[in-house]
Amino acid sequence: MKFLILTFSALLLFIGSGAKEDVPTGNKFKKEFLERINKVRAKGCKCGPQYMSPAAPLVWNDQLEDAAMGHAKDMYKKDYFSHDSKDGRKIVNRIEAEGYGRKGYRTYQVGENIAQGQRSIAEVTDGWFKSEGHCYNLMQPGFKEIGIAYYKTYWVQDFGGREEFSDEMKKLIKSGKARIIERN
């Protein structure tokens, strides 16, 4: 049986700064984000009043990064700040359009943090960890992968978590003795 967990986190963070922009690119961008986030996930932290236990490190996913970049560019070009695209697409629509799908997985969940105006990875990450809802996404143990984008003044973090079926369950499905029921 297939259970789907879909987390939509409509979380917004807007903090401006007059400081000079300092955002690395390429592998330095990915490495700095993963180091900052995974350092906190390894220790656990408080998200508002709730303590979040240590969680496994997140790994980078290029499909999630592509979805995040597409949304950051769209917000910039169309001058808005929201988890919902102006054309009506939601987080899950954008992520699945980039190929990060649920088919063949026992569980599936996605989430998103957005921000605007921060001038560095340190500033935006610190802001997200200080915000209860954003922090919860960052510490969510069901999230295993992340893709992050920065475009002009917009930051988008897309999270994903998929769990494969066990080998035994895969055999049952393949033999027809079990079937997948999708729930949205």
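Colleague: To how many disulfides does the count come in this structure?

Modeller: The count comes to one disulfide, where the term denotes a pair of cysteine sulfur atoms within 2.5 Å. Please note that this is a predicted model, in which local features need pLDDT of at least 70 and side-chain atom pairs count only at pLDDT 80 or more, while totals for chains, interfaces and linings use all residues. Residues are numbered from 1 along each chain as its sequence is written, and side-chain values use heavy atoms, with hydrogens and water left out.

Colleague: What makes C47 and C135 a disulfide?

Modeller: Their sulfur atoms are 2.1 Å apart. Because the limit is the one just stated, the pair qualifies as a disulfide. Such a link is a covalent bond between the sulfur atoms of two cysteines. The angle about the S-S bond is -60°, and the link of C47 and C135 is left-handed. C47 belongs to strand 2 and C135 to helix 5, 88 residues apart, and the pair thus links distant parts of the chain. Helices (H or I, at least four residues) and strands (E, at least two) are DSSP runs, numbered from the N terminus.

Colleague: How do you know that C45 is in no disulfide?

Modeller: The nearest cysteine sulfur, that of C135, is 3.6 Å away from that of C45. This distance does not meet the disulfide cut-off, so C45 is not counted.

Colleague: Why is C47 called buried?

Modeller: Buried means under 20% relative accessible area, exposed over 50%, and partly exposed in between (1.4 Å probe, protein chains only). C47 has 2% relative accessibility and therefore counts as buried. C135, at 0%, is buried, and C45, at 15%, is buried as well. Of the 184 residues of the protein, 46% count as buried.

Colleague: What makes a set of residues the largest nonpolar core here, and which have the most contacts inside it?

Modeller: A nonpolar core is a set of buried Ala, Val, Leu, Ile, Met, Phe, Trp, Tyr and Cys residues joined through side-chain atoms within 4.5 Å. The largest has 24 residues, and F29, F33, I146 and W155 have the most contacts inside it. Among the elements that give two or more residues to this core are helix 1 (26-43), strand 6 (145-151) and strand 7 (154-164).

Colleague: How do you know that strand 6 is mostly covered?

Modeller: Six of the seven residues of strand 6 are buried.

Colleague: What makes strand 6 and strand 7 a pair?

Modeller: Two strands pair if DSSP finds at least two bridges between them. Strand 6 and strand 7 have seven bridges, in the antiparallel sense, so the condition is met. The two strands form a hairpin with two residues between them, and K152 in the turn has a positive phi of about 55°. Strand 4 and strand 6 pair in the parallel sense over two bridges, and W60 stands opposite I146 in strand 6.

Colleague: Why is the contact of R162 and E145 called a salt bridge?

Modeller: A salt bridge is a side-chain nitrogen of Lys or Arg within 4 Å of a carboxyl oxygen of Asp or Glu. For R162 and E145 the N to O distance is 3.9 Å, so this pair qualifies. R162 lies in strand 7 and E145 in strand 6, so the salt bridge ties together parts that are 17 residues apart in sequence. E145, at 16% relative accessibility, counts as buried.

Colleague: Which other side chains meet in salt bridges?

Modeller: The search of the whole structure finds 11 salt bridges, among them K30 with E65 at 3.8 Å and E96 with R102 at 2.9 Å. E96 is partly exposed at 29% relative accessibility, whereas R102 is buried at 11%. K30, D62 and E65 are linked in a network of salt bridges.

Colleague: What is the predictor's confidence in this protein?

Modeller: pLDDT is the predictor's confidence in each residue, from 0 to 100. Its mean over the protein is 87, and 87% of the residues reach 70 or more. Among the elements, strand 1 (residues 11-14) has the lowest mean pLDDT, 40, and strand 4 (residues 59-60) the highest, 98. Over residues 1-19 the pLDDT is below 50.

Conventions. Contact = heavy atoms within 4.5 Å.
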